[in-house]
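Work through the exercises below with the structure open beside you, and try each task before reading its solution.

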Amino acid sequence: MTQTELYFISGSPPCWSVMLALEFKGVGYEPRRLDNAKREQKSPAYLKISPRGQVPVLINGGTTVCETLAVLSYLDAAYPEPRLFGTDPGDTARIWQAICECDGNLRDTVGEISRPLFRGKGREFTDQITDAAAKVRNELALIEASLSKAPWIAGDNLSAADLVVYPVMMQLERAAAREEEAELELAIYPFGENFANIDVWRREIEKLPGYQNAYPPHWK
Ligand SMILES: N[C@@H](CCC(=O)N[C@@H](CS)C(=O)NCC(=O)O)C(=O)O
């Protein structure tokens with residue numbers, strides 16, 4: 001059997017996306033956790049695997065793949081069922097569109113909220129967080145509207161789009177839950193009160209087999 005290894009940092013949304021994909025496809029793997037606090041991803045040994053010292057990296061037999069979307073695409077080619085990128089051109093386009101929209105409009109903006117809040121520096125970055133929260137609410141409203149028409153991010157079936165968007169949403173939720181200590185009112189958390197369809201969608205993801213295996217170890 002082909003040996004599969006995944007280098008990851010706990011809580012990293014891109015790593016979580018890949019772990020969810022591995023679980024969704026039922027691909028067993030050896031988790032190789034790197035400690036960000038010790039900068040293990042910058043060790044000489046790891047830089048030989050990932051020259052930028054980043055995660056996730058998947059090693060599958062003789063193939064090493066860096067970059068989340070490349071890993072997801074590789075997994076879909078190597079383990080075709082269930083499909084991550086759709087079966088007809090329209091589905092494939094919708095999935096990539098949703099991924100590009102997440103990467104272009106949501107991921108970095110969520111980082112502007114989560115970085116200071118996770119570091120307990122919310123009060124020092126009130127303006128940055130407030131501005132980012134307004135942009136994020138606009139994006140969430142678009143996703144909320146789309147989820148009123150179809151159960152998954154890119155239509156009727158779970159796809160790579162869900163697995164890319166979900167960890168970013170969870171990073172946002174975890175950060176927004178700290179709004180009180182920073183004396184902020186972001187109108188994001190809890191999702192159930194602000195974005196009901198997103199809340200239903202995230203609970204469906206959380207029912208997936210293997211979901212717990214992919215959950216960030218240091219969040220447990
Ligand atoms: N474009 C890359 C970005 C990966 C990325 O930003 N990884 C972060 C964790 S979320 C990382 O490795 N950070 C550690 C570092 O850069 O030292 C991908 O999607 O794989």
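**Exercise 1: Two domains and the contact between them**

In this predicted model, the C-alpha centres of domain 1 and domain 2 lie 23 Å apart. Describe the contact between domain 1 and domain 2, starting from the residues that each of them brings to it.

*Solution.* Step one is to count the participants: domain 1 contributes 10 residues to the contact, and domain 2 contributes 14 residues. Step two is to place them in the chain, where the domain assignment gives residues 4–78 to domain 1 and residues 89–209 to domain 2. Step three is to look at the area, since about 1000 Å² is buried between the two domains, with 80% of it on carbon and sulfur atoms. Step four turns to polar interactions: the rule finds 0 salt bridges across the interface of domain 1 and domain 2, and the count of residue pairs in polar contact there is 1. Step five asks what domain 1 presents to domain 2; α1 (13–25) and α3 (68–78) each supply at least two residues of that side, and α1 gives the most, with 8 residues. By class, the residues on this side of domain 1 are 8 nonpolar, 1 polar and 1 charged.

**Exercise 2: The surroundings of Arg202**

Decide whether Arg202 is buried or exposed, and then identify the salt-bridge partners of Arg202 within the network that contains it.

*Solution.* Begin with the location, which is helix α8, spanning residues 196–205. Arg202 counts as buried because its relative accessible area is 8%, which falls under the 20% cut-off. Next, leaving aside neighbours within four places in sequence, Arg202 is in contact with Tyr166, Met170, Glu173 and Phe191, and the side chain of Glu173 makes a polar contact with that of Arg202 at 2.8 Å. Then take the salt bridges in turn: Asp199 pairs with Arg202, the closest N and O atoms being 3.4 Å apart, and these two residues both lie in α8, 3 residues apart, about one turn of the helix. Asp199, like Arg202, is buried. Arg202 also forms a salt bridge with Glu206, at 2.8 Å between the closest N and O atoms, and Glu206 counts as partly exposed because its relative accessibility is 23%. Finally, assemble the network, in which salt bridges link Glu173, Asp199, Arg202, Arg203 and Glu206.

**Exercise 3: A further salt bridge**

Classify the accessibility of Lys207 and of Glu204.

*Solution.* The side chains of Lys207 and Glu204 meet in a salt bridge of 2.7 Å, N to O. Lys207 is exposed because its relative accessibility is 60%, whereas Glu204, at 33%, is partly exposed.

Conventions: Residues are numbered from 1 along each chain as its sequence is written. This is a predicted model: local features need pLDDT of at least 70, side-chain atom pairs count only at pLDDT 80 or more; totals for chains, interfaces and linings use all residues. Side-chain values use heavy atoms; hydrogens and water are left out. Domain bounds come from an automatic or database domain assignment. Contact means heavy atoms within 4.5 Å. Buried area is the accessible area (1.4 Å probe) that two parts lose on being put together, summed over both. A salt bridge is a side-chain nitrogen of Lys or Arg within 4 Å of a carboxyl oxygen of Asp or Glu. A polar contact is a pair of N or O atoms within 3.5 Å; within protein, one must be able to donate a hydrogen and the other to accept it, and residues adjacent in sequence count only if both atoms are side-chain atoms. Helices (H or I, at least four residues) and strands (E, at least two) are DSSP runs, numbered from the N terminus. Ala, Val, Leu, Ile, Met, Phe, Trp, Tyr, Cys and Pro count as nonpolar, Asp, Glu, Lys and Arg as charged, and the others, Gly among them, as polar. Buried means under 20% relative accessible area, exposed over 50%, partly exposed in between (1.4 Å probe, protein chains only).
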